[in-house]
Amino acid sequence: MTITHAPADPLAARATMTALPLEAPDHERVLISHGRRSGLTVIVAVHSTRLGQALGGARLWRYASWTDGLADALRLSQAMTMKNAAAGLARGGGKAVVVIPDGAPLDGRAIHDAMLDLGDAVESLGGAYMTAEDVGTSAELMAVVAERTAHVCGLPPEQGGVGEPADATAAGVHASILATLEHVFGSRDLAGRHLVISGLGQVGGRLARSLAAGGAELTVTDVAPEKRALADELDAAWVDPADAHLVEADVFVPCGLGGVLTPEVVRDLRVRAVVGAANNQLASREVAGLLTERGIVWAPDFVVNAGGVIYLDVASGEDADVEALDARIAAIGDTVASVLRSADEHGTTTLAAADRLAHARLDAAN
């Protein structure tokens with residue numbers, strides 16, 4: 001795997017990029033550029049194009065250093081390869097990260113400039129990667145990226161795009177929760193089941209509403225105190241974010257940033273299952289084994305949260321069939337059920353079972 005640094009002038013990028021070795025997962029290409037307008041570091045990691053053009057969101061986030069942003073991009077892009085493969089999409093995996101230095105001010109103009117710089121970086125890859133919204137970005141910001149490249153999806157509907165994928169992501173997570181409940185308890189019925197949702201953003205908030213409508217008892221939390229209004233609206237209990245994993249319940253639902261399932265958290269969990277929208281929930285692969293040892297069923301995140309990428313890929317195509325798309329997102333629950341059964345049948349972790357599914361589809365592309 002090579003890593004390339006791009007000059008500030010995107011027109012000169014292909015002629016003057018230099019390759020440097022990097023000890024990292026087997027990515028096909030990683031581009032690190034200095035945004036000529038924003039001055040921010042823009043990273044695009046293309047993990048695999050074996051199944052087709054890499055597809056993955058663009059994250060605008062604060063990091064202690066650009067190397068932390070690089071590590072995030074590498075980890076997330078690899079996960080996108082697995083997610084797209086497990087979902088049966090003809091797409092590879094990639095991710096973009098725009099690094100905001102800790103403490104640096106960032107106004108609307110700077111964000112606009114950063115999206116233009118992102119567009120230049122994506123365009124310089126010649127179609128290897130298509131970007132979309134992710135944490136810190138939006139459909140409206142993707143419209144800015146589209147000023148510099150055609151390799152972007154999820155634009156606002158009024159600009160000919162398919163909009164944000166949060167509804168689809170939440171629907172897929174909801175279907176995954178039902179499938180996991182059936183696997184663990186023998187019933188998909190939400191009534192009387194207690195779920196703890198950590199993170200009430202675009203997906204977590206939608207999920208809270210749909211689960212409450214199904215009769216679930218909810219405990220919720222978010223790092224933003226104003227999200228407590230949603231708890232009041234849904235008659236849900238509120239807990240401090242640091243204590244969410246300590247609540248005794250049926251299912252823990254992580255919907256914030258990744259890395260939440262550390263060995264310490266798993267030791268303290270008081271639930272039968274973990275199913276959530278957050279990417280890269282495991283702090284390390286070994287945590288999957290710790291969950292299994294404790295008898296906690298973990299539905300692998302890259303299977304559970306695939307609704308958004310399925311929506312962006314399918315809805316962006318010509319003559320997209322809405323009913324067929326809805327059915328495909330609902331079928332994420334069937335995939336989760338298959339993964340959980342496979343883990344039981346093979347005596348492995350659910351992570352290993354999900355990996356088998358994704359790698360089988362990747363190997364079939366050879």
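Here a colleague and a modeller talk through some features of a predicted model.

Colleague: Let's start with helix pairs: at what angle do helix α11 and helix α12 pack?
Modeller: Helix α11 covers residues 307–315 and helix α12 covers residues 322–330. Their axes lie 10 Å apart. The angle at which the two helices pack is about 155 degrees.

Colleague: And which word describes how α11 and α12 run relative to each other?
Modeller: Start from the angle, about 155 degrees. Angles over 145 degrees count as roughly antiparallel. In addition, α11 passes α12 in a right-handed crossing. So the description of α11 and α12 is roughly antiparallel.

Colleague: Now for α5 and α6: which word fits the angle between them?
Modeller: Helix α5 spans residues 166–185 and helix α6 spans residues 202–213. Their axes come within 9 Å and cross at roughly 50 degrees. That angle makes α5, relative to α6, oblique.

Colleague: What is the handedness of the crossing of α5 and α6?
Modeller: We have just seen the axes of these helices cross at roughly 50 degrees. The handedness is a separate piece of the description, and for α5 and α6 the crossing is right-handed.

Colleague: Good, on to side chains: which ring does the charged end of R193 sit over?
Modeller: To count, CZ of Arg has to be within 6 Å of the ring centre. The charged end of R193 is 3.8 Å from the centre of its ring. The ring in question belongs to F185.

Colleague: How many aromatic pairs does the structure have?
Modeller: A pair of aromatic rings is described by the distance of the centres and the angle of the planes. The search covered the whole structure. The number of aromatic pairs found is 0.

Colleague: What about disulfides, how many does the structure hold?
Modeller: A disulfide is a covalent bond between the sulfur atoms of two cysteines. Cysteines do occur here, including C153, which is buried at 6% relative accessible area, and C255, which is buried at 13%. Still, the count of disulfides is 0.

Colleague: Is D235 buried or exposed?
Modeller: D235 lies in the loop between α7 and β10, and its phi is near 60 degrees, a positive value in a residue other than glycine. Most residues other than glycine have a negative phi. The relative accessibility of D235 is 74%, so D235 counts as exposed.

Colleague: N280 also has a positive phi; is N280 buried or exposed?
Modeller: N280 sits in the loop between β12 and α9. Its phi is about 45 degrees although it is not a glycine. Buried means under 20% relative accessible area. With a value of 16%, N280 is therefore buried.

Colleague: How far apart in space are D102 and R62?
Modeller: D102 is found in the loop between β6 and α3, and it is exposed, with a relative accessible area of 51%. Along the sequence, D102 and R62 are 40 residues apart. In space, C-alpha to C-alpha, the separation is 5.6 Å.

Colleague: What separates the C-alpha atoms of E147 and G119?
Modeller: E147 has its place in the loop between α4 and α5, and at 52% relative accessibility it counts as exposed. E147 and G119 are 28 residues apart along the chain. Their C-alpha atoms are separated by 7.3 Å.

Colleague: Lastly, how far apart in space are V274 and H174?
Modeller: V274 lies in strand β12 and is buried, with a relative accessible area of 0%. V274 and H174 are 100 residues apart in sequence. From C-alpha to C-alpha, the distance is 12 Å.

Definitions and conventions. Residues numbered from 1 in each chain as written. Predicted model: local features only at pLDDT ≥ 70, side-chain atom pairs only at ≥ 80, totals over all residues. Heavy atoms only, no water. Phe/Tyr/Trp six-rings, centres within 6.5 Å; stacked < 30°, edge-to-face > 60°. Lys NZ or Arg CZ within 6 Å of the ring centre and 35° of its normal. Disulfide = S-S within 2.5 Å. Buried < 20%, exposed > 50% of the residue type's maximum accessible area, 1.4 Å probe, protein only. Axes fitted to C-alpha atoms, helices over the stretch in contact; angles between N-to-C directions. Helix = DSSP H or I, 4+ residues; strand = E, 2+ residues; numbered from the N terminus. Parallel < 35°, antiparallel > 145°, perpendicular 65-115°, else oblique. Left-handed = near helix turned anticlockwise from the far one by under 90°.
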